[in-house]
Amino acid sequence: RDCTQMEDDGTVVERQSSLDRKMTSMKRLATTAFSRARQFTEEKLGQVEKTTYDAQFENMVLRSEKTKQWTERIVKGIEHALEPNPNIRMEGYFYDKFDRKRPSRMIPVEELGETMINAGGDVGHTTTYGGYLQNCGEVQQRLGMVQREFMTTVIEKVLNPLKRFLTEDMKTIQKERQRLGVKRLDLDVAKNKARRAATFEKQQLAETQLKVAQAEFDSQYEVTKLLLERIPDIQASHCKLLQEFVAAQKQCYSACADLMTGAAAQSKSPEPEIQPEKPEMPKHRPRRAKVLYDYDAASEEELSLLADEVWKSHHSCRIFMHFLFL
């Protein structure tokens with residue numbers, strides 16, 4: 001029973017000690033947060049001085065901010081160019097956010113092509129109009145395939161790297177800059193404590209805290225500076241991404257131009273059919289006649305005829321009684 005009581009007492013003491021440590025830690029955090037807030041407020045009111053960064057560092061910060069802002073706008077512009085419909089863009093965003101496959105959907109030019117093909121089949125592909133509709137619809141669908149390849153290339157080779165820069169590199173830079181801002185506030189708080197120290201003991205304590213704050217600030221400053229110095233290299237890589245974008249556009253538009261050139265050659269207006277010329281009919285239609293009976297010419301102006309003979313002449317005949325006209 002005594003041993004059990006001792007174990008219980010030890011557990012209670014350990015729990016109490018753990019609780020005290022937590023309370024002390026929370027108190028220290030609260031004091032630090034209050035000191036930072038007070039320092040920040042006094043800086044805004046101009047009541048105290050603050051540590052400033054050198055001009056080179058400020059220029060690097062400004063360059064990183066401009067790179068971030070314009071990259072965000074370029075990403076939005078490319079997304080709008082690839083998909084003008086904001087509802088579909090928002091739908092794709094949620095599918096990507098929850099790591100789900102996007103549903104297959106035809107782009108507008110493919111829908112137009114399908115409509116033309118269906119219309120041509122309904123009208124009749126053997127007719128001139130129906131054939132034109134189907135040919136034009138097939139061209140529109142091939143244009144859609146070219147545009148899909150262009151969109152896939154741009155997303156993989158341009159958009160995704162730009163987004164990775166914003167979500168990874170730029171986020172790391174901003175996080176380290178925030179830490180540097182906190183370390184700067186701690187440094188200025190330590191400086192003000194050292195100035196306001198009334199006794200020798202407080203002065204020594206404040207100077208010790210100042211040295212620690214200065215070392216932490218310098219370390220964070222170097223880390224942030226190294227990250228900011230990568231911005232020129234990142235901009236150079238973005239130039240290569242833009243070259244990929246232009247190359248993809250060139251390939252897409254060239255393929256579209258080839259398709260349309262071939263389509264224009266196939267879709268020339270049909271020439272009107274040339275009707276064969278009809279032979280001119282003679283002024284006097286030739287007449288055919290069959291001889292009814294034998295006849296001996298009575299003069300030089302007459303003809304001798306035999307029965308059942310067939311005669312054809314373009315001139316009128318004087319002796320009608322000897323012929324049966326056919």
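This passage describes helix 2, its surroundings and a set of side-chain contacts in a predicted model.

Helix 2 comprises 28 residues, 55-82, and its end C-alpha atoms are 40 Å apart, which agrees with the span of 40 Å expected at 1.5 Å a residue. At the N-terminal end, the helix is capped by Asp54, a side-chain oxygen of which lies 3.2 Å from the backbone nitrogen of Gln56. The buried residues of helix 2 include the nonpolar side chains of Phe57, Met60, Val61, Val75, Ile78 and Leu82, and Ser64, Thr67, Lys68 and Thr71 are also buried. The cover over these buried positions includes helix 5 (128-196), helix 6 (200-228) and helix 7 (231-266).

A search of the whole structure finds eight salt bridges. One of them joins Glu79 to Lys163, with the closest N and O atoms 2.8 Å apart. Because Glu79 lies in helix 2 and Lys163 in helix 5, this pair ties together parts that are 84 residues apart in sequence. Both partners are partly exposed, Glu79 with a relative accessible area of 25% and Lys163 with one of 31%.

A further salt bridge is formed by the side chains of Glu216 and Lys183, at 3.3 Å from N to O. Here, too, distant parts of the chain are linked, since Glu216 belongs to helix 6 and Lys183 to helix 5, 33 residues apart. Glu216 is partly exposed, with a relative accessible area of 36%, and Lys183 likewise counts as partly exposed, at 25%.

Within helix 5, the side chains of Glu176 and Arg179 meet in a salt bridge of 3.1 Å, N to O, and the two residues are three places apart, about one turn of the helix. An α-helix has 3.6 residues a turn, so residues three or four places apart point the same way. The two partners nevertheless fall into separate accessibility classes, as Glu176 counts as buried at 11% relative accessibility, whereas Arg179 counts as partly exposed at 43%. Helix 5 also contains Asn192, which is buried, with a relative accessible area of 6%. The side chain of Asn192 is joined to that of Arg195 by a polar contact of 2.5 Å.

On the surface, Met90, Tyr93, Phe94 and Phe98 make a nonpolar patch of about 460 Å². Of these residues, Phe98 lies in the loop between helix 3 (86-97) and helix 4 (108-123), and its relative accessible area of 58% places Phe98 among the exposed residues.

Terms used:
Residues numbered from 1 in each chain as written. Predicted model: local features only at pLDDT ≥ 70, side-chain atom pairs only at ≥ 80, totals over all residues. Heavy atoms only, no water. Helix = DSSP H or I, 4+ residues; strand = E, 2+ residues; numbered from the N terminus. Expected span 1.5 Å × (residues − 1). Buried < 20%, exposed > 50% of the residue type's maximum accessible area, 1.4 Å probe, protein only. Contact = heavy atoms within 4.5 Å. Polar contact = N/O pair within 3.5 Å; in protein donor to acceptor, adjacent residues only side chain to side chain. Patch = residues over 30% accessible without salt bridge, like charges linked within 9 Å, V, L, I, M, F, W, Y side chains within 5 Å. Areas by Shrake-Rupley, 256 points an atom, 1.4 Å probe, with all protein chains shown as cover. Salt bridge = Lys/Arg side-chain N within 4 Å of Asp/Glu carboxyl O.
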